[in-house]
Amino acid sequence: MIIRKATLNDVSQIVEIHSDAFEDFFLTSLGPMFLNFYYGAFLRNKETGMFCVVENDEILGFSAVTKYCSGFNSKLLKENLFRFGWVGLKLLFTRPDALLRLIKNFTKKSESVNEPEDYAELYSIGVSKIAQGRGVGKVLLTATEEFLIKNGVYKVSLTTDFYNNESAIAFYSKMGYSILYDFVAYPNRKMYRLIKNLNTSETVI
Ligand SMILES: CC(C)(COP(=O)(O)OP(=O)(O)OC[C@H]1O[C@@H](n2cnc3c(N)ncnc32)[C@H](O)[C@@H]1OP(=O)(O)O)[C@@H](O)C(=O)NCCC(=O)NCCS
């Protein structure tokens, strides 16, 4: 098993793993065309890090992080408006409700929380179902955190579901993450925001 930076050639395998690991998630419901656009745009952005764990030429898991949190998804859409045009057009005709939700989630800031937003954000970490529980997630998250530290970023945050999500929450807790707050994402999905201080000589908050 090796860990390396992801490249644009990995995007189709990353999309397969995303679809497998995040089966019932909203972004997955938008289909492989959207996910290909999203992870391609993620990789092209200069403020991001994407890693994958590979065994026998097969990707077992991936992570995607940005060095800053504030307004990242909306910036990604603006940077890739032409590419998003085709995906957006398809969604407009097939899933107009989903397109509205996507745009709201990507462009709207939380109304209930006044956050400092001075941390990196882990947007995705996913391991294919057959490889879960073998330490792949730990290797990915450790490499992602090391990347942030090397880039002078010492706090990392993420959002994860509040309900029916014991497994991921246990994983993050084991990896040193704690709850910053909970909130409701559009239209009605209760989420946690978790945070970890990567500078062990300080405490978060
Ligand atoms: C969550 C996920 C990324 C974890 O990756 P993984 O490869 O299965 O986890 P690992 O085997 O690396 O486990 C790392 C540590 O977390 C612990 N852990 C993982 N899942 C756990 C669980 N359900 N309960 C308790 N501890 C757990 C492991 O015991 C291990 O601890 P150790 O280092 O002391 O042995 C992976 O299971 C996954 O992709 N799940 C589906 C997608 C998802 O929920 N992603 C995150 C949501 S935002």
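Where does Phe-34 lie? I began the notebook with this residue and found Phe-34 in helix α3.

**Entry 1. Basis of the work**

I am working with a predicted model, in which local features need pLDDT of at least 70, side-chain atom pairs count only at pLDDT 80 or more, and totals for chains, interfaces and linings use all residues. Residue numbers run from 1 along each chain as its sequence is written. Helices (H or I, at least four residues) and strands (E, at least two) are DSSP runs, numbered from the N terminus.

**Entry 2. Phe-34**

I checked whether Phe-34 is buried or exposed. Phe-34 counts as buried because it has 22 C-beta neighbours inside 10 Å. The scale calls a residue buried if 20 or more other C-beta atoms lie within 10 Å of its own, exposed if 12 or fewer, and partly exposed in between, with C-beta atoms placed from the backbone. I also looked up a pair distant in sequence: Phe-34 and Trp-86 are 52 residues apart along the chain, and their C-alpha atoms are separated by 9.5 Å.

**Entry 3. Arg-83**

I located Arg-83 in helix α5 (residues 81–94). Arg-83 is partly exposed because 15 other C-beta atoms lie within 10 Å. Not counting residues up to four places away in sequence, Arg-83 touches Phe-37 and Ala-41; contact requires C-beta atoms, placed from the backbone, within 7 Å. From Arg-83 to Gly-40 I noted 9.9 Å, C-alpha to C-alpha, across 43 residues of sequence.

**Entry 4. α3 against α5**

I then took the two helices together. The axes of α3 (residues 32–44) and α5 come within 10 Å and cross at roughly 155 degrees. This makes α3 roughly antiparallel to α5. Axes are lines fitted to C-alpha atoms, for helices over the stretch in contact, and angles run from 0 to 180 degrees between N-to-C directions. Angles under 35 degrees count as roughly parallel, over 145 as roughly antiparallel, 65 to 115 as roughly perpendicular and the rest as oblique.

Which residues of α3 and α5 meet? From α3 I listed Met-33, Phe-34, Phe-37 and Ala-41, and from α5 Arg-83, Phe-84, Val-87 and Lys-90. By class, this contact of α3 with α5 has six nonpolar, no polar and two charged residues. Here Ala, Val, Leu, Ile, Met, Phe, Trp, Tyr, Cys and Pro count as nonpolar, Asp, Glu, Lys and Arg as charged, and the others, Gly among them, as polar.

**Entry 5. α1 against α3**

I found helix α1 (residues 11–21) packed with α3 at an angle of about 120 degrees, their axes 9 Å apart. α1 and α3 are therefore oblique to each other. On the α1 side, the contact is made by Val-11, Ser-12, Ile-14, Val-15, His-18 and Ser-19, and on the α3 side by Pro-32, Leu-35, Asn-36, Tyr-39, Gly-40 and Leu-43. The contact of α1 with α3 divides into seven nonpolar, five polar and no charged residues.

**Entry 6. α5 against α6**

I recorded an angle of about 130 degrees between α5 and helix α6 (residues 96–107), with axes 6 Å apart. α5 and α6 are therefore oblique to each other. Gly-88, Leu-91 and Leu-92 of α5 make the contact with Pro-96, Ala-98 and Leu-99 of α6. These residues of α5 and α6 divide into five nonpolar, one polar and no charged.

**Entry 7. Backbone in the loops**

I looked up the peptide bond from Tyr-186 to Pro-187, which is cis with omega near 5 degrees. Pro-187 is in the loop between β6 (178–185) and β7 (189–197).

Asn-56 has phi near 50 degrees, a positive value in a residue other than glycine. I placed Asn-56 in the loop between β2 (48–55) and β3 (58–66), and it counts as exposed because it has 6 C-beta neighbours inside 10 Å. Asn-164 also has a positive phi, near 50 degrees, and is found in the loop between β5 (155–161) and α8. With 8 C-beta neighbours inside 10 Å, Asn-164 counts as exposed.

**Entry 8. The ligand shell**

How many residues surround the ligand? I noted 18, of which the closest are Gln-132, Gly-137, Lys-138, Ser-167 and Ala-170. The elements giving two or more residues to this shell are β4 (120–127), α7 (136–150) and α8 (166–174). α8 gives the most, with five residues. A residue is near a molecule if its C-beta atom, placed from the backbone, lies within 6 Å of it. By class, I entered the shell as eight nonpolar, seven polar and three charged residues.

Notes
Contact = placed C-beta atoms within 7 Å.
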